[in-house]
Amino acid sequence: MSTGTLSPGRAKIPQPTLRTDRYWVAPLVTFVVFLAFIAYATFRAFQNDYYYASPYISPFYSPCIASNCVPMPGAGEVHIIGPWWGLSPALLILIVPLGFRMTCYYYRKAYYRAFWQSPTACAVAEPHEKYTGETRFPLIFQNSHRYFFALAAIFNVILTWDAILGFRDASGAWGHMGFGTLMLLANAALLWLYTASCHSCRHIMGGRLKHFSKHPVRYKAWQFVSKLNARHMQLAWVSLFGVAFADLYVWLVAAGVFSDPRFF
């Protein structure tokens, strides 16, 4: 049976919607911002340069697990991938944050509307003739979100450690802090908030519990995560910009555009 604009249950009107507001603005903004971020991230991932300025490492390249990574003294290098890998090391790890965001419940809504027009907005007819949901290829892979959530949490630990390593100077001595330290700390904090506000995290905290009174600790955790979950959309966007700005800062410092201001 046809769906969307061809649905037999839809009113026989030529317009895709009777909405008179500018409902297309939000999807258009999402489309432009997403496209800009995709272009920037793709360029940086293939650039394969300017991603380490001691003691800072770009979140796009952390953890740098290939043997072709630039030398990172004191950064805890673990070269799991041997010299046979000739491409950018960022391509080895970006699949995790990319998979986590692409399967995110909020991001699905955002890019379904912005890129596929499926549908463009509420009360706007679905333009496609058929929609099978997330039960068939390729959208069935959206169900892997819970697994990407676990992997993203591991990456958050690594990025938090990168921020802690930022309390050193270029020689590796502890007890110092620069503006880059603040950038990495803010990025790690935003990623933790975004991950904790995830629907999968909320389900882990309180899902399948029949009696909250028997699980007071999980109930408190569920209440906290639920408050973050109400801001999941905002945290998704802010953390996305946080990753891009942290990478841009490391890039500019590593390229010698300016020196990292040191507070002490």
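**Entry 1: Asn-187**

I started at Asn-187, which touches Pro-59, Leu-159, Gly-242, Val-243 and Ala-246 once residues up to four places away in sequence are set aside. A reminder to myself: this is a predicted model. I placed Asn-187 in helix α6. Next I asked myself: is Asn-187 buried or exposed? Its relative accessible area is 3%, so I wrote it down as buried, the limit being under 20%.

**Entry 2: the cavity**

I then looked for enclosed space and asked how many cavities of 30 Å³ or more there are. The count is one. I noted a volume of about 30 Å³ for the largest cavity. Its lining brought me back to my starting residue: Asn-187 is there, along with Ile-57, Pro-59, Leu-159, Asp-162 and Leu-184. Helices α5 and α6 are the elements that give two or more residues to this lining. By class, I have four nonpolar residues, one polar and one charged around the cavity. Two of the lining residues, Pro-59 and Leu-159, were already in my notes as contacts of Asn-187.

**Entry 3: the largest pocket**

On to the open spaces. I read a volume of about 740 Å³ for the largest pocket. Which residues are closest to its centre? I found Phe-37, Pro-97, Leu-98, Arg-101 and Leu-240, out of 31 residues that line the pocket. I listed the elements that supply two or more lining residues: α1 (25-47), α2 (90-93), α3 (95-102), α4 (105-115), α5 (145-165), α6 (179-196) and α9 (232-254). I also sorted the lining by class, and it has 26 nonpolar residues, four polar ones and one charged one.

**Entry 4: α1 against α9**

Since α1 and α9 are both on that list, I looked at how they meet. Their axes come within 12 Å and cross at roughly 35°. I noted the crossing as left-handed. On the α1 side, the contact is made by Thr-30, Val-33, Phe-34, Phe-37, Tyr-40, Phe-43, Arg-44 and Gln-47. On the α9 side, I have Trp-237, Leu-240, Phe-241, Ala-244, Asp-247, Leu-248 and Trp-251. Sorted by class, the contact residues come out as eleven nonpolar, two polar and two charged. I underlined Phe-37 and Leu-240, which take part in this contact and are also among the residues closest to the centre of the largest pocket.

**Entry 5: the second largest pocket**

I moved on to the second largest pocket, which holds about 240 Å³ of space. I wrote down its lining as Tyr-105, Arg-108, Gln-142, Asn-143, His-145, Arg-146, Phe-149, His-199, Ser-200, His-203 and Ile-204. Helices α4, α5 and α7 (199-206) each supply at least two of these residues. Which helix gives the largest share? I found that α7 does, with four residues. The class count here reads three nonpolar, six polar and two charged.

**Entry 6: Asn-229**

My last stop was Asn-229, in helix α8 (residues 216-229). I asked why Asn-229 counts as buried. Its relative accessibility is 16%, and buried means under 20%, so Asn-229 falls on the buried side. Leaving out neighbours within four places in sequence, I found Asn-229 in contact with Ser-197, Cys-198, His-199 and Arg-202. One of these, His-199, was familiar to me from the lining of the second largest pocket.

Technical notes
Residues are numbered from 1 along each chain as its sequence is written. This is a predicted model: local features need pLDDT of at least 70, side-chain atom pairs count only at pLDDT 80 or more; totals for chains, interfaces and linings use all residues. Side-chain values use heavy atoms; hydrogens and water are left out. On a 1 Å grid over the protein atoms alone, a cavity is a set of points where a 1.4 Å probe fits but cannot get out, and a pocket is an open set with protein on both sides within 12 Å along at least five of seven lines; lining residues have an atom within 4 Å of a point. Grid points are joined across faces, edges and corners, and a volume is the space filled by probe spheres set on the points. Ala, Val, Leu, Ile, Met, Phe, Trp, Tyr, Cys and Pro count as nonpolar, Asp, Glu, Lys and Arg as charged, and the others, Gly among them, as polar. Axes are lines fitted to C-alpha atoms, for helices over the stretch in contact, and angles run from 0 to 180 degrees between N-to-C directions. A crossing is left-handed if the near helix is turned anticlockwise from the far one by less than a right angle, and right-handed if clockwise. Contact means heavy atoms within 4.5 Å. Buried means under 20% relative accessible area, exposed over 50%, partly exposed in between (1.4 Å probe, protein chains only).
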